[in-house]
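Here is a short set of exercises to work through with the model open in your viewer. Try each task before reading its solution.

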Amino acid sequence: MGFFKARYVRDYMAARKVRSVFIWMAEIAAVVIAAAVLAVGFGKTTVMQEGSMDPTLAAGDTVLINRAAYKIGEPKRGDIIAYRVSEDKNASTHIKRVIGLPGETISIRDGQILIDGETYQEKKNFPAIQNPGLAETEVTLGSDEYFVLGDNRNNSEDSRFADVGNIREENIIGKLWFVISPWEKFGLLRK
């Protein structure tokens with residue numbers, strides 16, 4: 001009888017191991033499928049085409065855009081966003097940092113950004129702005145407009161220029177959140 005009991009225990013343990021492996025494989029498959037659905041449904045990749053976001057992002061960097069971020073929330077000051085300059089869905093994608101929020105007044109004087117007349121202290125050490133463009137005089141943002149600047153402040157075509165201007169909320173594609181390549185930058189995008 002001991003022989004049958006030992007064999008039963010051994011067969012039971014083997015079946016249990018096989019079942020655990022199948023459960024483990026099913027869990028991995030479920031996570032991969034969920035990630036793919038989320039990436040396709042809410043995410044989008046884009047490649048930086050210009051150096052206007054140096055040193056944060058360089059030309060050629062590939063990033064993920066969270067398209068759902070602003071369906072449940074609003075852009076915040078300091079967010080790096082992807083947007084189009086027109087309503088045309090085929091218009092090129094641009095990437096810049098949000099500086100001014102709806103209803104605020106933005107100006108640039110002596111190389112510094114002023115928001116509602118107060119000097120804006122940024123978290124990063126960006127160079128003084130040499131060309132204030134349209135922001136030489138006060139720019140008042142509408143209830144659905146954002147003022148954006150590139151991190152490479154003196155080599156960026158952004159809201160200071162008439163061909164870009166203020167970015168309407170409906171033209172914002174989403175928030176950048178993850179760098180895919182190059183490998184040395186792989187990971188969450190740091191503001």
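**Exercise 1. An aromatic cluster**

Start with W183, which counts as exposed at 68% relative accessibility. This is a predicted model, so take the geometry below as belonging to the prediction. Your task: work out which residues ring pairs link into a cluster with W183, and how the rings of W183 and F186 are arranged.

*Solution.*
- Step 1: a search of the whole structure turns up three aromatic pairs.
- Step 2: one of them is F178 with F186, whose centres are 5.0 Å apart with 90° between the planes. Pairs over 60 degrees count as edge-to-face, and that is the label for F178 and F186.
- Step 3: now go to W183 and F186, where the ring centres are 4.9 Å apart and the planes meet at 25°, so this pair is stacked. The cut-off for stacking is under 30 degrees.
- Step 4: put the links together, and W177, F178, W183 and F186 form a cluster through ring pairs.
- Step 5: check accessibility. F178 is buried at 17%, F186 is partly exposed at 43%, and W183 is exposed at 68%.

**Exercise 2. A strand with two neighbours**

Take strand 3, residues 80-83. Which way do its side chains point, and which residue of strand 4 stands opposite Y83?

*Solution.*
- Step 1: recall that side chains in a regular strand alternate between the two faces of the sheet.
- Step 2: look for that here. I80 and A82 point one way, while I81 and Y83 point the other, and all are buried.
- Step 3: follow the pairing to strand 4 (residues 94-100), which runs antiparallel to strand 3 and is joined to it by four bridges. Y83 stands opposite H94 there.
- Step 4: now strand 11 (residues 172-181), also antiparallel to strand 3, with three bridges between them. Here I81 stands opposite K175.

**Exercise 3. Order in an open sheet**

Find the open sheet of four strands and give its strand order. Why does one side of strand 7 and of strand 8 lack a neighbour in the sheet?

*Solution.*
- Step 1: the order reads 7-6-5-8, with antiparallel pairing.
- Step 2: strand 7 (118-119) and strand 8 (139-140) stand at the edges with a single partner strand each, so one side of each has no neighbour in the sheet.
- Step 3: move to strand 5 (residues 105-109) and strand 6 (residues 112-115), an antiparallel pair held over four bridges. S107 has L114 in strand 6 as its bridge partner.
- Step 4: zoom in on T105, which sits in strand 5 and is buried at 16% relative accessibility. Leaving aside neighbours within four places in sequence, T105 contacts L114, I115, D116, E138, V139 and T140.

**Exercise 4. Unusual backbone**

Which two aspartates have a positive phi, and where are the cis peptide bonds?

*Solution.*
- Step 1: the background is that most residues other than glycine have a negative phi, and most peptide bonds are trans.
- Step 2: D110 has phi near 50°. D110 lies in the loop between strand 5 and strand 6 and is exposed at 79%.
- Step 3: D116 also has a positive phi, about 50°. D116 is in the loop between strand 6 and strand 7 and is partly exposed at 48%.
- Step 4: for the cis bonds, check D54 to P55, with omega near 5°. P55 is in the loop between strand 1 (43-47) and strand 2 (62-66).
- Step 5: then check S181 to P182, cis with omega near 10°. P182 is in the loop between strand 11 and strand 12 (187-188).

**Exercise 5. A loop residue and two arginines**

Is N171 buried or exposed, and which ring does R153 lie over?

*Solution.*
- Step 1: N171 is in the loop between strand 10 (167-168) and strand 11. Its relative accessibility is 6%, and under 20% means buried, so N171 counts as buried.
- Step 2: apart from neighbours within four places in sequence, N171 contacts Y83, R84, V85, S86 and E87.
- Step 3: R153 lies over the face of F126, 4.3 Å from the ring centre. R77 lies over the face of Y120, at 5.7 Å from the ring centre.

Note on methods:
Residues numbered from 1 in each chain as written. Predicted model: local features only at pLDDT ≥ 70, side-chain atom pairs only at ≥ 80, totals over all residues. Heavy atoms only, no water. Buried < 20%, exposed > 50% of the residue type's maximum accessible area, 1.4 Å probe, protein only. Helix = DSSP H or I, 4+ residues; strand = E, 2+ residues; numbered from the N terminus. Pairing = 2+ DSSP bridges. Phe/Tyr/Trp six-rings, centres within 6.5 Å; stacked < 30°, edge-to-face > 60°. Lys NZ or Arg CZ within 6 Å of the ring centre and 35° of its normal. Contact = heavy atoms within 4.5 Å.
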